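Trainee: I would like a close look at one part of this model. Please take the salt bridges and then walk outward from there.

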Amino acid sequence: MANSSRPPGTKRLWVISSIVAYVVFAGIPIWWATTSLHRPPLPHEAIAAAEADAGNRSALLPVALQLVLVVPAGSELPDELQPDRMLAAVQAAVAAAQPLQGPLQLSITINTAGSCSQVLPRHPGVCSSSSSSSGVCTQQVQQQACPDLSAAPVAGGSRQQQQQLDAWLQQQQQLQSLGTPGQYTLFVLPDTSSSSTVVVGRSRHAWLTYQPSGALQQPQQLLQATAAAAVRVLSCCFGLHSNVAALAAADSLPVSAAGHTQLSFSLLHADPLAPGSSSSSNKDSIEAAAQHPLHYTWDFDVFEQQHLAPIAASLAPVSHISIESQLLYFTPARTPGSWSSKHSAFVVKQSQLPFFVDSDWAVESGRAVMQHNRTSSSSSSSSSSGTAGMLSSSANTAAAAVLESHVLHFLVYVPAADKSPLLLLGPKGKVRNSNSFWIPSWGGVLVLNLANEIAAASTDTGEFDHDEGDSEGGQSRLPWQPLPLQQQHYQHITAVVIAQLQALFGVAPGTSSSSSSTEVVQLQQLPAGAAGFSKWQMDALLRQRAGADVQEAARVLGSLSRLVQQLPNLEMPDLIGQQVEQALSDIHSAWQHIAAGDYHAAGAAAAAARAAAEAAFLHPSVLAQLNFPDSHKLGVYMPLFLPVSVPLLQGFVLQLRHYVKRRREYTAALRAGG
Amino acid sequence: MLQPRSDAAWLLALLACAAILTSALAHDQQQQQQQQQQQLQPHTSNWAVLVATSKYWYNYRHIANALSFYRTVKRLGIPDSNIILMLAEDVACNPRNAYPGQVFNDESHRLNVYGSNVEVDYRGSEVTVENFIRVLTGRHDPAMPRPKRMLSDKGSNVLIYISGHGGNEFMKFQDVEELMAQDVADAIQQMHEKGRYRELLLVAETCQAATLYSKITSPNVLAMASSLKGESSYSYLTDMDVGLSLIDRFTWSTLDFFERVDIHSRLSLAQLMQIYRYEVLDSHFHYDASHYPRPLDTVPVTDFFGSVSSIQPTPALNSTAGDSDSWSYSSYSSSEAAQELDVRRPAAVSSAGHASSSSSSSSQDGYSDCSCSVGSSAVAVGPVQDLPGSIVDTGVYLGMAAVASMVLVASVVAARIMAPLLS
C-alpha cells in the first residue's frame, strides 16, 4: 500500500454515502409524493361560520299581513276604528296569541270609497310579532287613492258566490300590486248580513264580512272580530302551517335532498279473468264479461297532460315532480273483502286496511317496464333529454344523479268483477271518504269500482269520448282489447290524488282547525283549483322548505368538514371542493333572500345549497372504507422497506467500519512511521 | 467483523420509527359527543340489510342463515324493495349442491329458503366491504340501480344482519378482506349524521361477534351477537345429504323464536333475547343496549323484523277537478273523523321460517367447524385489499417500484464502482 497524503478508505465511504443519500433524498420524496392523497382545500372556517349561523339565526321568511277595512261611502269612522288604534289592537292580539314564529309585519288600510289611509310601522323590522307592543312602534300614515272596494260582490255564502268574490278580490289585489309571496291581505268587507266566518281564498287573501250599520255603532266588536280573524288566518294558513312544521321537523316532507319527488301511478286490476258481478242488472254484460274477460287500461299520457301536469307545475317551486305510470294485472289485495248486505257491497274493515297493500305487488319505482319519465317542471327545455327531473345547473345535475328522488306511490285498485263493488270502511263501519286512504311518506291507495259501469258502457260505444284513447276509434270493442278509463274516472282519481298529495305535504285543509268551536270567528278555506294547491299553501311549503334546507345544508357541510378533518386518509376529487363552494355561496344568497323576503329566490337558493351539500357529502368517490388503521400501514410498508433498507444500511455500516479500521491502521502506520 | 444481531435490531427499530412517522397521524377517535336524546321521529318504514360474507361451498350455512332471515322479515311484511340481500356465494347453483336451485335450512328439507321469490341484490364477488359500507352510507355510483340502494330516512328502522367468519373486531368478507369494527362504527355514525335511520339493530352471527360492535357510539343503536370475545360461534346439525351444516345455532334459535311471531305479535325484543341458551349455542349471547333509549321489553320485535304502516283517511275532496258529484260511488262517502290507525303491515302467506320439529336438546350432536382465527394478530399485518378508486394502493405500489428500481440501480452502480476497489 503506497503512502499518500490522503487517508485511505475515503473513496469507498464516499461511494456508499452517495448511494444512501440518493435513496434518502431522491427515493423518499418520490415515494412521499406518489402516496400522498389529493384533496381540495375546504374552507373549514367558512363552513363552521355557516353552521353556527344556521344554528343561531331564524331561517323563516317574513310574512306581511295587510288588513283592509272597507267602509261604505258616507259613513263616519268611529274613533276606535282609526287605523292607528286598530293597528295597535291587532298587534296586541297577535302578540298575545303568537300564531307564528318569525318576522311579521302588520299594516292597516282603511278604504273609504276610493281613498285609502294606510298605517304601517315606520321600521318594518322592528315590529315583529315577538317585540311588538302598541307603544314601541312608531307609525306613519299614508293617504293615497285606491280602488273602491265597497263594490265587492258580497252576497250569500254559497260556494259559487264565494268563488266569485274570491276571483274579484284577487283581481283587486293584483291591481294594487299586492299578493306577492308572503304578502297577504285580510279584507274586512261590509255586507248586509254579518257572518262570523273568515274565508281563506285560493290566492293570498282572506275576507271577513261585517254589518256596516251595526258595527260602526259597536266598533269594539268589529275590532275584536278583526283581530281574532287576523290571528286565525295567520295561524292556520298564512303563517307557518302547523302540519308542515311537524312534517318538516320529522324531515318527512316527501321531497328528496335534491328537491325531487317522483309520483308513481299504478293501475292495478285484481283479476281480469274473474266472471262478471252478480249485482249487475244488465244480463248481456254478464254474459259478455263471462265470455270476454275485461281488463282495464288508462290513457296515461292524456291523463297526465290534462290533470297531473297542472299539479306538478304548481308544486314546482317546492319540488321537481316527475311522473311515471304502470299497469299491473292479477294483483289481488291481501284482504279480499267480505260481502256486507248492509252496504250491498264487499267491504274491507278498518282493522284490515293496513293489510290491503300486498308487499308482493311490484309497485316500487324503477321496476316498471314502461316508464313515463318526464319532467313536468316549468323548465321544459331540460325534459327533452329524457332523464327525469334534471335541473339546469351543473351542481344540481350532479346532485340529482347521486341522490335518489323520493317516490310517492298512487295505487288505483280495480277489484275483480266478482268482488265488486269493493268499499273500504272507516271507523265505526262507515264507508271511507272517497273509498281511499293514504300512508305517510309512502303514497295513497284508491279503490275504483268499475266493473259494472264500463261493462255497460262497452255495449254502447256511442258514449265513448274519443279524446280518451286511440283504441276506441272503432265501432265495437274487440274482446281482447282493454277498456280505457273514462273522463269521469280521471276526474275522480285527480280529486283523490290532490287530496292525498295535500295530506302527504301536510297542507290538507281542515286538519289544523280542530279546536274551532270555541273561537270567536270560524274559519273556512276555499279549495284550490285544478292546480291542487293554493298560493298560500305553496307559500307555507316554500317558507318551511327554504328554512329547513338552508339549515340542513349548513349542517351537512359541517358534517363533511368534520369528517374530512378527522380522516387524514380521505381522498377527494376537486368536484367536492367546487360543490362545497357552490353550497356556501348558495347558503349566503339564501340568507340574503330570506332577509329580503323573496320567497322563490330564497327557496331556490336554499334547495340548490342543500343539493350541492348533500351531493358533496355523498359523493361516491369519498372512500367507502374510511377506517385505515396504522397497523395496516405498517403491514403495507414493512414488506417493502425492510428488505430494501437492510442491505443498504448493512453495506453502509460495513463500509463505515471498514473506513474506521483503515483509518486507525493508517494513523497507527503514520505514527509508527513518523 | 459485522455483528449482525445488534445491527438487525437497530435497523428494525429505525424502520419502525420511520414507518410510524411517515404514516399519517393516528386516526382520531370518534368524537363521542353523544347527541342529546332527541324525540324519536315517527316510524314510517323498515329496511333490512342481510349479509352472508362467506365464499365457497362449505360455507353453505352462512348463506342459509341470511336466506332464512330474508324469508322471515319478508313474511313479517318488509317488501323486497326494502331488503338488501347480499350473498357472497351462490350455493343454490353450486355444482356440488345435490338439490340444484334449492337451499335448505333444516335436515327435513321441507322448506326451500331459496324459493321462487328471492331477490338477491348483491351476489358473489359484489359482496365486498366497500359495497356493504356504500349500502349503509348511501354513497353510490350514480349508475347504481335503485333496488340496490338503501333509501332509508329519519323514520326508518334498519335491521342489519351479518353472518360469516370473523374474529376479534373484524369480519371476513370473501376470505380476502376484512370489515373492521371501526368501519362498522364509522358507517353507522355517518348514517346517524345523515339521518339514515331512526333506530338500528345490528345482529352479528360470527365468532367473537360481540367485538364487532364494540366501537359503536351512535345513538339509537342496538346490537346483538352470537358470541363473546374469545368464543367461537358454532354451526348446527350436519345434513348428510348436502354433506354440510345447514344453519348456525344462533340463527336456528332465532328462527325458532320467530316461528311463533306473526305480524300481529307483540312479542318484545327482551323476550327474543331470553331464548338464547349457552347449552344450545355453546357460546354466550350478548347484546349492547347502552346507546338504545327504549326499554327492550316495550319494543316489539316487529319494529325491526317486520314492517309498519299507518293508514290515514283521505281528507275531504275538493270538487274542483270537474264535477265529481257525478261519480257514482260518491253517495257512499260520508264525513269521517280524522282518526289514525297504527297497525301492522300485511303478513305474508308464506309458510313460517323453518322446522321447529328438531328439538333443541339434540343440539349436542352439532359439531363445530368454525374456522375463526382467534386473537387480534391476524388484524395487524397484511394489506387491506380492494380499495378501488383510492390512490392509496396505487401510490404504495408505485413507491415500492420506484424505491426498488432505485436500489437496483444504486446497487449495480455500487458494484461497478466497488468491484475494482475490492479486487
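What follows starts with the salt bridges and moves on to other parts of both chains.

Trainee: Which residues does A:R562 meet in salt bridges, within chain A and across to chain B?

Mentor: First, a caution: this is a predicted model. Over all chains, the salt bridges number 18.

Start with A:R562. Its side chain meets that of A:E51 in a salt bridge, at 3.5 Å from N to O. The two partners are far apart in the chain. A:R562 belongs to helix α13 (residues 535–566) of chain A, and A:E51 to helix α2 (residues 44–56) of chain A. They are 511 residues apart. How covered are they? The cut-offs matter here: buried means under 20% relative accessible area, and exposed means over 50%. A:R562 has 25% relative accessibility, so it counts as partly exposed. A:E51 has a relative accessible area of 22%, so A:E51 is partly exposed too.

A:R562 has a second partner, in the other chain. It forms a salt bridge with B:E193, where the closest N and O atoms are 3.8 Å apart. This pair crosses between chains. On one side is helix α13 of chain A, and on the other is helix α4 (residues 181–193) of chain B, which holds B:E193. B:E193 has a relative accessible area of 17%, so it is buried.

Chain B also enters a network. Salt bridges that share partners join A:R545, A:D549, A:R610, A:E614 and B:K194 into one network.

Helix α13 of chain A takes part in another salt bridge, through A:D539. A:R204 pairs with A:D539, with the closest N and O atoms 2.5 Å apart. A:R204 sits in the loop between β6 (197–200) and β7 (205–210) of chain A. The pair therefore ties together parts that are 335 residues apart in sequence. Both A:R204 and A:D539 are buried.

Stay in chain A and turn to another helix. Helix α12 (residues 487–504) of chain A has 18 residues. At 1.5 Å a residue it should span 26 Å. Its end C-alpha atoms are 25 Å apart, which agrees. The helix is mostly covered, with 16 of its 18 residues buried. Just after α12(A) comes A:G506, with a positive phi of about 80°.

A:S441 also has a positive phi, of about 60°, although A:S441 is not a glycine. It is in the loop between β15 (436–439) and β16 (443–447) of chain A. Its relative accessibility is 18%, so A:S441 counts as buried.

Now a sheet. Strands of a sheet pair through backbone hydrogen bonds, either parallel or antiparallel. In chain A, three strands form an open sheet in the order β11-β12-β14, with mixed pairing. Its edge strands are β11 (338–340) and β14 (422–424) of chain A, and each pairs on one side only. From one strand to the next, the twist averages 45°. Strand β12 (residues 345–348) of chain A runs parallel to β14(A), and three bridges join them. Within this pairing, A:F346 stands opposite A:L422 in β14(A).

Last, chain B and its annotated positions. An unreviewed UniProt entry places the feature "active site" at B:H165 and B:C207. The two positions span 43 residues in sequence. Yet no two of their C-alpha atoms are more than 6.5 Å apart, so they gather at one spot.

Take B:H165. It lies in the loop between β4 (156–163) and β5 (166–167) of chain B. Its relative accessibility is 6%, so B:H165 counts as buried. The side chain of B:H165 makes a polar contact with the side chain of B:N59, at 2.8 Å.

Take B:C207. It lies in the loop between β8 (199–205) and β9 (221–225) of chain B. B:C207 has a relative accessible area of 1%, so it is buried.

That loop between β8 and β9 of chain B also holds B:Q208. Phi of B:Q208 is near 50°, a positive value in a residue other than glycine. With a relative accessible area of 3%, B:Q208 is buried.

Terms used: Residues are numbered from 1 along each chain as its sequence is written. Chains are lettered from A and ligands numbered from 1 in the order in which they are written. This is a predicted model: local features need pLDDT of at least 70, side-chain atom pairs count only at pLDDT 80 or more; totals for chains, interfaces and linings use all residues. Side-chain values use heavy atoms; hydrogens and water are left out. A salt bridge is a side-chain nitrogen of Lys or Arg within 4 Å of a carboxyl oxygen of Asp or Glu. Helices (H or I, at least four residues) and strands (E, at least two) are DSSP runs, numbered from the N terminus. Buried means under 20% relative accessible area, exposed over 50%, partly exposed in between (1.4 Å probe, protein chains only). Two strands pair if DSSP finds at least two bridges between them. Axes are lines fitted to C-alpha atoms, for helices over the stretch in contact, and angles run from 0 to 180 degrees between N-to-C directions. UniProt positions are given in the numbering used here, feature names are shortened, and annotations may be inferred rather than shown by experiment. A polar contact is a pair of N or O atoms within 3.5 Å; within protein, one must be able to donate a hydrogen and the other to accept it, and residues adjacent in sequence count only if both atoms are side-chain atoms. The expected span of a helix is 1.5 Å times one less than its number of residues.
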